[in-house]
Amino acid sequence: MRRPLANVIVIGAQWGDEGKGKITDLLSKSADVVVRYQGGVNAGHTVVVEGQTFKLHLIPSGILYPDTECIIGSGTVIDPKVLIEELDQVEALGISTAKLMISQAAHVTMPYHRMIDKASEERRGSQKIGTTGRGIGPTYADKSERTGIRMIDLINPDRLKEQVHWTVNYKNVILEKLYNLSPLDAEAVVKEYLEYADRLRPHVIDASLNIYNAIQERRNILFEGAQGTLLDLDHGTYPYVTSSNPVAGGACVGTGIGPTMIDRVIGVAKAYTTRVGEGPFPTEAKDEVGELLGDRGAEFGTTTGRKRRCGWFDGVIGRYAVRINGMDCMAITKLDVLDELDEIKVCVAYDMEGERCEDFPSSSIQLAKCKPIYETLPGWQQSTVDCRTLEDLPKQALDYLRFLAELMNVPIAIVSLGASRDQTIVVEDPIHGPKRGLLYS
Ligand code: GDP
Ligand code: IMO
Ligand code: MG
């Protein structure tokens, strides 16, 4: 008998890099279709399977299952050069990419987007955002300005030529006059992008229709978020955010699916906090604890190799992510990184200029004034990497997880203790199990 229908969104509950790739890969086992709904090659999702490491930027993490269809939705932005490199890499490992499809409505990152991203960051000086330099913001800006080139334009040579000539003329004024950069040669850009078009054309589809039909056929869809709640353009720590909507609501807009078709929202958070790029970070530990978390957690960006800023778990952020995403349950990753610590701090509220603040402030200026109020829990000082059930965990580790679940008012359905698939405790089936998990009293 067919299992009950469940369409699930997996989102990052912090500032990205929570381990969404690992959790999506794990959950893809019960999905027929995995869909990316926002972001572009700023994302870096690492999946480790049988000792082999896959670093995915645009291709959904479901690609590693032979029968799972993968779709890159309309809310994403596509750098065709990087996507083709990624397709080559995946194929070189013997994995077919024939089941990968791309929305015709997704916007295309062009060379001037990357140039403007880097030049505008430089121009901002101390106001810089710390972007990945992948042209993400400028691609989304063109989408809003209605000057963007979409996948459907890319695969139509006449349309592509016309649009590239018009846009390059327009962007050259900005490149030369505003940023003192050399202008682009429109014909060279056309030639380069026509080649990309030939390679990608067989993958381009009407993704919204395809996903709708899959749902009608009672196939299970997993929507994979990139980035995280606090990098959301509307609900994150603006302006230190990305230019898309990683929150669960973004999955509907970014795929063309109605909210009534979503059954579950699963959040992913690390057992501590990291952030790459600029912006306020109340629990940042600029001391030996931060160093230890960075070293044990190998906290270097998958996309840019930048060192990630590290700090304690922030329960105010956790509660906010539960609210903003309508989260049903959570996966806590990298618990093993805390194994050596004798005590572990958790931020339970903020002190904002003498006032206790339980709710995440909606302004980065206010957030920068917030000091964490910590509760200290005992560490377990033993390895958890081989634990496979809750009973295997040291009591202090279980108490830590219970504390987090109660603090955020959300059940914890999955605990991750290492990068590989098997280093996982599935407390409750997050897709088909009851909505009240064990780690929640
Ligand atoms: P994503 O962007 O959310 O997919 O996360 P990243 O892949 O950028 O970063 C997470 C990193 O942590 C990757 O290198 C994963 O292989 C690794 N990882 C995931 N889960 C665990 C875990 O439970 N423990 C440890 N030690 N590493 C993990
Ligand atoms: P995944 O999917 C962590 C951050 C950048 C910068 C800000 C804006 O791997 O979790 P952008 O290039 O998007 O304009 O940069 O967002 N950022 C990420 N941080 N993980 C990511 O993706 C990120 N994608 C963007 O560091 O602060
Ligand atoms: Mg990442």
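1. Let's start at ligand 2, where one of its oxygen atoms sits 2.9 Å from a side-chain N or O atom of asparagine 42. Keep in mind as you look that this is a predicted model. Glycine 44 takes part through its backbone, with a polar atom 2.9 Å from an oxygen atom of the ligand. Threonine 132 uses its side chain instead: a polar atom there is 2.6 Å from a ligand oxygen.

2. How much of ligand 2 does the protein cover? On its own the ligand has 550 Å² of accessible area, and 97% of that is covered by the protein. The shell around it comprises 20 residues, of which Asp17, Lys20, His45, Thr132 and Thr242 come nearest. By type, the shell holds ten polar, seven nonpolar and three charged residues.

3. Next, have a look at the interior. The largest nonpolar core is made of 62 residues, and Ile9, Phe223, Ile332, Leu335, Leu338, Leu393 and Tyr400 have the most contacts inside it. Helix 13, residues 395–408, is the top contributor to this core, giving eight residues. Another core lies apart from it, with 58 residues that include Leu27, Leu58, Cys70 and Ala186.

4. Leucine 393 is a good residue to click on. Beyond its neighbours within four places in sequence, leucine 393 touches Leu335, Thr384, Cys387, Leu398, Leu401, Leu417 and Ile425.

5. Finally, try helix 4, residues 136–145, where Ile136, Pro138, Thr139, Tyr140 and Asp142 are buried. Their cover includes helix 3 (111–124) and helix 6 (157–178), along with strand 6 (77–78) and strand 8 (107–108). Just past the end of helix 4, arginine 146 has a positive phi of about 65 degrees.

Technical notes: Residues are numbered from 1 along each chain as its sequence is written. Chains are lettered from A and ligands numbered from 1 in the order in which they are written. This is a predicted model: local features need pLDDT of at least 70, side-chain atom pairs count only at pLDDT 80 or more; totals for chains, interfaces and linings use all residues. Side-chain values use heavy atoms; hydrogens and water are left out. A nonpolar core is a set of buried Ala, Val, Leu, Ile, Met, Phe, Trp, Tyr and Cys residues joined through side-chain atoms within 4.5 Å. Buried means under 20% relative accessible area, exposed over 50%, partly exposed in between (1.4 Å probe, protein chains only). Helices (H or I, at least four residues) and strands (E, at least two) are DSSP runs, numbered from the N terminus. Contact means heavy atoms within 4.5 Å. A residue is near a molecule or strand if one of its heavy atoms lies within 4 Å of it. A polar contact is a pair of N or O atoms within 3.5 Å; within protein, one must be able to donate a hydrogen and the other to accept it, and residues adjacent in sequence count only if both atoms are side-chain atoms. Accessible areas come from the Shrake-Rupley method with a 1.4 Å probe; for residues, only the protein chains shown count as cover. Ala, Val, Leu, Ile, Met, Phe, Trp, Tyr, Cys and Pro count as nonpolar, Asp, Glu, Lys and Arg as charged, and the others, Gly among them, as polar.
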